There are 2 protein chains.
Amino acid sequence: MIRLSRMADYGVVVMTHMAWRRHENQTAHQVAAGTGLPEATAGKLLKVFARSGILTSHRGAHGGYELTRTPEDISVAEIVEAVEGPIALTLCVDEHPGHCGVEALCPMRGGWNRINAALREAFEGLSLAAMAFPAPPEFAGPGGRPAVGL
Amino acid sequence: MIRLSRMADYGVVVMTHMAWRRHENQTAHQVAAGTGLPEATAGKLLKVFARSGILTSHRGAHGGYELTRTPEDISVAEIVEAVEGPIALTLCVDEHPGHCGVEALCPMRGGWNRINAALREAFEGLSLAAMAFPAPPEFAGPGGRPAVGL
DNA sequence: CAAAACAGAACCGATTTGGTTCTATTTTGC
DNA sequence: GCAAAATAGAACCAAATCGGTTCTGTTTTG
């Protein structure tokens, strides 16, 4: 099983929370409470996102965070990249190009690159909005989108 | 950076070697020599592949391994799954479904599933042959495919 | 029966990761 | 202007994971 780090997963959770509370300034404390994450951890992620530009931070008393753009305009790729670094799937691909550790068998690069491209595309094609406000199942009846967890 | 475990990477290297030496019975020792991997490690991987069915093993003196199918009929997905388990990208997706640790916010599942599907497709659509014998660059001139490392 | 090979489990050390804590720095309100 | 509330950012520690090795057993050949 290829694992996305738990931090990246939590990152999406945090950003989902921010999307739900759009335009309400959220402190790290509030986010932690809302998501169930430990406060220090939520804070760490929020800082990372502020740094990467997808959240805007206000410091000082009554400070907090807010989405910089609309959830439609933020991709899951950005979220994941903020906490994990570039989305790619092998050593080969971004280590000092030239010596592949084991052998000179990097014709395989082409193959890996195809996979990496597919993966990156998938991440880029998925917006925060799609995560936070999933389309209602086809015949959900009146009321539309399914009740969300909390 | 999302990392494919090094073992999975080595696994592809080993299988590539097997594709190159198709029909020649290969001992763990030979594979290790050919790939540059430590013998114990190569052996471990070969066992895993034999177990999963993409290699056939012969025990006893003059034993060894051989591809069960043609390189065209073995997907990179099979190789990676043999060493890593199912190809999927989150906790959420295959842990005891129901409690998501943090909160009941698994409407996000839909999003992750899309990404997982894309990833799995990419892996399944890539054959061992494509890895081991990459298509020659468009105008490689006569002689065709580029000389392979070793 | 001995040697050559695979099968499979157990094991250890090092790296990575999750998560916390501590020290600034900035802003607000009294 | 000072205290309180918040973020910024680095440093740090414990625990889980992973890469790799070793050991014991089994099968086959000559």
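**Protein surfaces near DNA strands C and D**

The surface near DNA strand D is made up of 8 nonpolar, 10 polar and 6 charged residues. In this predicted model, 24 residues surround DNA strand D, and the closest are A:Ala28, A:Ser57, A:Tyr65, B:Arg6 and B:Arg59. Both chains contribute elements to this surface: helix 3, strand 1 (55-58) and strand 2 (64-67) of chain A, and helix 1 (6-20) and helix 3 of chain B, each supply at least two residues. Sugar or phosphate accounts for 67% of the atoms of DNA strand D within 4 Å of the protein, and bases for the rest.

The bases of DNA strand D are met by side chains and backbone. A side-chain N or O atom of A:Lys47 is 2.9 Å from a base nitrogen, while a polar side-chain atom of A:Arg59 lies 3.5 Å from a base oxygen. From chain B, a polar backbone atom of B:Gly60 is 3.4 Å from a base oxygen.

Turning to DNA strand C, 25 residues surround this strand, with A:Arg6, A:Lys44, A:Arg59, B:Ser57 and B:Tyr65 the closest. Of the atoms of DNA strand C that come within 4 Å of the protein, 70% are from sugar and phosphate. By class, the nearby surface holds 8 nonpolar, 10 polar and 7 charged residues. Helix 1 (6-20) and helix 3 (39-52) of chain A each supply at least two of these residues, as do helix 3 (39-52), strand 1 (55-58) and strand 2 (64-67) of chain B.

A:Arg59 reaches DNA strand C too, with a side-chain N or O atom 2.7 Å from a base oxygen. A backbone N or O atom of B:Ala61 is 3.2 Å from a base nitrogen of DNA strand C, whereas B:Tyr65 places a polar side-chain atom 2.7 Å from a phosphate oxygen of that strand.

How values were computed
Residues are numbered from 1 along each chain as its sequence is written. Chains are lettered from A and ligands numbered from 1 in the order in which they are written. This is a predicted model: local features need pLDDT of at least 70, side-chain atom pairs count only at pLDDT 80 or more; totals for chains, interfaces and linings use all residues. Side-chain values use heavy atoms; hydrogens and water are left out. A residue is near a molecule or strand if one of its heavy atoms lies within 4 Å of it. A polar contact is a pair of N or O atoms within 3.5 Å; within protein, one must be able to donate a hydrogen and the other to accept it, and residues adjacent in sequence count only if both atoms are side-chain atoms. Helices (H or I, at least four residues) and strands (E, at least two) are DSSP runs, numbered from the N terminus. Ala, Val, Leu, Ile, Met, Phe, Trp, Tyr, Cys and Pro count as nonpolar, Asp, Glu, Lys and Arg as charged, and the others, Gly among them, as polar.
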